[in-house]
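The following paragraphs walk through one structure, beginning with its aromatic side chains and moving outward to the sheet and the helix.

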Amino acid sequence: MLAMVPRPSERTAFVVDSFARPSWLLWRSPNRTFAWRLIPLGDERTRLITRLHTVYEWRRPLALGTVLLMELADYPMMRRMLRGIRERVEAEQAIAPESG
């Protein structure tokens, strides 16, 4: 389970839906999907692509707040997360013993 809020529930937490190691991973919650895909580029490089899809529940009282949060806060959050992943991978590669 991947908690996206301080007090996760079945409605708010993501669970792994499906995956194909090492190509892609799909997380889901009742109204969202979060996909990760690794694309080999050659020269020991890989591109990580993420997609987040949300079905907004307009009948819920705080729907507009959720939309604003997701649409405005998602970009900086995703950018920070992806930079953190890149930094950890590059740090690991820097300390890994040379192969070859």
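In this predicted model, a search of the whole structure turns up 2 aromatic pairs. A pair of aromatic rings is described by the distance of the centres and the angle of the planes. For Phe14 and Phe34 the ring centres are 5.9 Å apart and the planes meet at 55°, so this pair is tilted; the tilted class is what remains between stacked, under 30 degrees, and edge-to-face, over 60. The pair links distant parts of the chain, since Phe14 belongs to the segment before S1 and Phe34 to strand S3, 20 residues apart.

The second pair also involves Phe34. Its ring and that of Trp36 have centres 5.4 Å apart, with planes at 50°, so this pair too is tilted. Through these ring pairs, Phe14, Phe34 and Trp36 are linked into a cluster.

Are the members of this cluster buried or exposed? Phe14 has a relative accessible area of 2% and is therefore buried, because the cut-off for buried is under 20%. Phe34, at 3%, is buried as well, and so is Trp36.

Strand S3, which holds Phe34, is part of an open sheet of 4 strands. What is the order of the strands in this sheet? The order is S1-S2-S3-S4, and the pairing is antiparallel. Strands S1 (15–20) and S4 (45–54) stand at the edges; each has a single partner strand, so one side of each is left without a neighbour in the sheet. Neighbouring strands are turned against each other by 15° on average, direction ignored.

At the S1 edge, strand S1 is joined to strand S2 (residues 24–29) by 5 bridges, and the two run antiparallel. Within this part of the sheet, Phe19 stands opposite Leu25 in S2. Strands of a sheet pair through backbone hydrogen bonds, either parallel or antiparallel.

The loop between S2 and S3 contains Asn31. This residue is buried, with a relative accessible area of 12%, a value that falls under the 20% cut-off. Leaving aside residues up to four places away in sequence, Asn31 touches Arg11, His53, Thr54, Val55 and Glu57.

The remaining element to place is helix H1, which spans residues 63–95. Helix H1 lies across strand S3 (32–42) and S4, and runs at about 165° to S4. Strand S3 thus appears in two parts of this description: Phe34 of the aromatic cluster is in strand S3, and helix H1 lies across it.

Definitions and conventions. Residues are numbered from 1 along each chain as its sequence is written. This is a predicted model: local features need pLDDT of at least 70, side-chain atom pairs count only at pLDDT 80 or more; totals for chains, interfaces and linings use all residues. Side-chain values use heavy atoms; hydrogens and water are left out. Two strands pair if DSSP finds at least two bridges between them. Axes are lines fitted to C-alpha atoms, for helices over the stretch in contact, and angles run from 0 to 180 degrees between N-to-C directions. Contact means heavy atoms within 4.5 Å. Buried means under 20% relative accessible area, exposed over 50%, partly exposed in between (1.4 Å probe, protein chains only). Rings of Phe, Tyr and Trp (its six-membered ring) pair if their centres lie within 6.5 Å; planes under 30 degrees apart count as stacked, over 60 as edge-to-face and the rest as tilted.
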